[in-house]
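Reader: I would enjoy a walk through this one with you. Could you put it up so we can both look?

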Amino acid sequence: MTMGQRLRHLRRSRGLTLAELGMRVGRAPSALSLLENGRREPKLSVLEDLAAALSVPVEELLRRQAPSRRAQLEIALAEAQRDPAYAELGMPHLKVGTRVPTEVLEHLVKLAGALRDQRGKPTATPEEARAANAELRAAMRERANYFEDIERAADGALQSAGYSGGALSQGMLLSVVSHHGFSVRYVQDLPNSVRSLTDLRNHRIYVKQEPVGTHSPRAVLLQALGHFLLGHEAPRDFADFLRQRVESNYFAAAVLMPEKAALRFLADAKEARDLAVEDLVDVFSVSYEMAAHRFTNLATRHLGMPCHFTKNDSSGIIFKAYESDGLVFPADPDGAIEGQRMCRKWAGRQVFGASDRFSPHYQYSATPSGTFFCVSQVDSRADRGFAITLGVPYEHSRWFRGRETPTRMRSACPDGECCKRPPADQEARWEGMAWPSARAHSHVLSALPAGIFPGVDEADVYEFLDHHSDS
Ligand SMILES: [Zn+2]
């Protein structure tokens, strides 16, 4: 489309008619018209002839940028008219000839843009978001949360930068990034709605020097790189956005805790009956959440150990959950777990009541789906308190540090008598006598903001890039 626009622009600026240009390159005017209207792709030889006839290099015709504001508007309106939302209005196709004034085009393009924004991707509702989560979890479970292609991509990225083993140094991290053509800029004024921002024109990745939520700057940088090495494109819908986020997180973890190095470390710890997530944190300099999640990638596949993982806040609301060990999570009728409140007897809630909540909390939990050994820790790097829990079936507790804990809890959930319903005598005393004022629900439970990248403030992003790409 743009090539055609450029061709027309150059032809007119040289005062040539279609017939005159056709004469110079030995083509029928109708054939050139097809090219100009973007209905035909030119052969390279034709392009060369045209460029010569117009005395410009071939690249001039192929540049992606529209040749003028007018041409840009013509392209935009042509594209808008192909949009289903526009077509639904049932208006006849508007042929944009030279007699349509530029101001009219400006108006139409702006209106079409507003129409697209309004009718465009609907906001992901909490229901859609939870359904997407449930689907993704099923896919992860099917592969024991081990993604071979991402492991390979991470390994390839490391090898190409000359990595030779062990934990990843800062220097090695930067060579992984620069080997793939990107440079890193640490900034203070990154828009609040993003954790990193990649300038695709100048191949720069902008990150903050301090952690974003539970994500270290190292992890954020690799998550950004992961999108490109894994071939992600602008997400089609919320489910796609979610899948990409899981994959880029996986990639970051697989680079920071390379499979071979992490496995050797875990196998030794298992041999010594001293498995502990906090050691992964120390050795590989990653967040507790990332370490625990990485454990789930490798444990089932390589150590033959089913397991579960949860992330919940102090009120027990689940933000992330994964299991391959048969633990039954609370779920809504559609099978969604995020946003549900976990049993108050579970380790993820007990840790908040522990005397030292920043040390690992160990416990055995007897549940209707079996007995599990669980280790919970409140991630102190998070801006709010999240408990990260890793659990395994009882018979695998023997490989773990903390297995001698005397703490044992019994959970009957999802039976309401377990902890969801107040004891009968309390209920009798207080029923109708309490008026709680509820706190607003958290982000994962509310409707997600619309946009290609949900919740990202595009105005902030473009302003940031404008500002930084000059410097
Ligand atoms: Zn319960």
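Author: Happily! One term before we start: a crossing of two helices is right-handed if the near helix is turned clockwise from the far one by less than a right angle, and left-handed if anticlockwise. Please keep in mind that this is a predicted model.

Reader: Thanks, that helps. Which handedness does the crossing of α10 and α13 have?

Author: The axes of these two helices, α10 and α13, come within 9 Å and cross at roughly 45 degrees. That angle makes α10 oblique to α13. As for the sense of the crossing of α10 and α13, it is right-handed.

Reader: And which residues of α13 does α10 meet there?

Author: From the α10 side, the residues taking part are I150, E151, A153, A154, A157 and L158. Their partners in α13 are E247, Y250, F251, A254 and V255.

Reader: How are α12 and α13 oriented to each other?

Author: The axes of α12 and α13 come within 8 Å and cross at roughly 120 degrees. Angles of 65 to 115 degrees would count as roughly perpendicular and those over 145 as roughly antiparallel. The pair α12 and α13 is therefore oblique.

Reader: Which residues make the contact between α12 and α13, and what is the handedness of the crossing?

Author: α12 contributes R218, A219, L222, Q223, G226, H227 and L229. α13 answers with Q244, E247, S248, N249, F251, A252, V255 and L256. The crossing in which α12 passes α13 is right-handed.

Reader: Let us turn to α11. Why are its buried residues on the same side of the helix?

Author: Helix α11 spans residues 170-179, and its buried residues are L173, V176 and V177. These residues are on the same side of α11 because the arc they cover around the axis is only 95 degrees.

Reader: Which elements do the buried residues of α11 pack against?

Author: Two strands are on the list, β1 (183-186) and β3 (204-207). The helices packed against the buried residues of α11 are α10 (148-160), α12 (217-229) and α13 (238-256).

Reader: Some backbone angles next. What is phi of the glycine that follows α11, and of the one just after α16?

Author: G181 follows α11, and its phi is positive, near 85 degrees. Helix α16 covers residues 288-303 and is mostly covered, with 13 of its 16 residues buried. Just after α16 comes G304, with a positive phi of about 65 degrees.

Reader: Which residues other than glycine have a positive phi?

Author: One of them is in the loop between α9 (126-142) and α10, and another is in the loop between β2 and β3. The residue in the α9 to α10 loop has a phi of about 55 degrees, and the one between β2 and β3 has a phi near 50 degrees. Two such residues, then, are A144 and H203.

Reader: Are A144 and H203 buried, exposed or partly exposed?

Author: A residue needs 20 or more other C-beta atoms within 10 Å to be buried, and 12 or fewer to be exposed. A144 has 17 such neighbours, while H203 has 14. A144 therefore counts as partly exposed, and H203 is likewise partly exposed.

Reader: What about V194: which residues does it touch, leaving aside those up to four places away in sequence?

Author: V194 sits in the loop between β1 and β2 (196-199), and its 21 C-beta neighbours inside 10 Å make it buried. Its C-alpha atom is 9.9 Å from that of E458, 264 residues apart along the chain. The residues that V194 touches are V456 and V461.

Reader: Is A347 buried or exposed, and what is it in contact with?

Author: A347 lies in helix α17 and, with 29 C-beta neighbours inside 10 Å, counts as buried. Leaving aside neighbours within four places in sequence, its contacts are H361, Q363, S365, C374, S376, T389 and G391.

Reader: Last one: how far apart are the centres of domain 1 and domain 3?

Author: The domain assignment gives domain 1 as 2-119, domain 2 as 143-256 + 454-471 and domain 3 as 280-410. Taken over C-alpha atoms, the separation between the centres of domain 1 and domain 3 is 59 Å.

How values were computed
Residues are numbered from 1 along each chain as its sequence is written. This is a predicted model: local features need pLDDT of at least 70, side-chain atom pairs count only at pLDDT 80 or more; totals for chains, interfaces and linings use all residues. Helices (H or I, at least four residues) and strands (E, at least two) are DSSP runs, numbered from the N terminus. The arc is that of the directions from the helix axis to the C-beta atoms. Two residues are in contact if their C-beta atoms, placed from the backbone, lie within 7 Å. Domain bounds come from an automatic or database domain assignment. Axes are lines fitted to C-alpha atoms, for helices over the stretch in contact, and angles run from 0 to 180 degrees between N-to-C directions. Angles under 35 degrees count as roughly parallel, over 145 as roughly antiparallel, 65 to 115 as roughly perpendicular and the rest as oblique.
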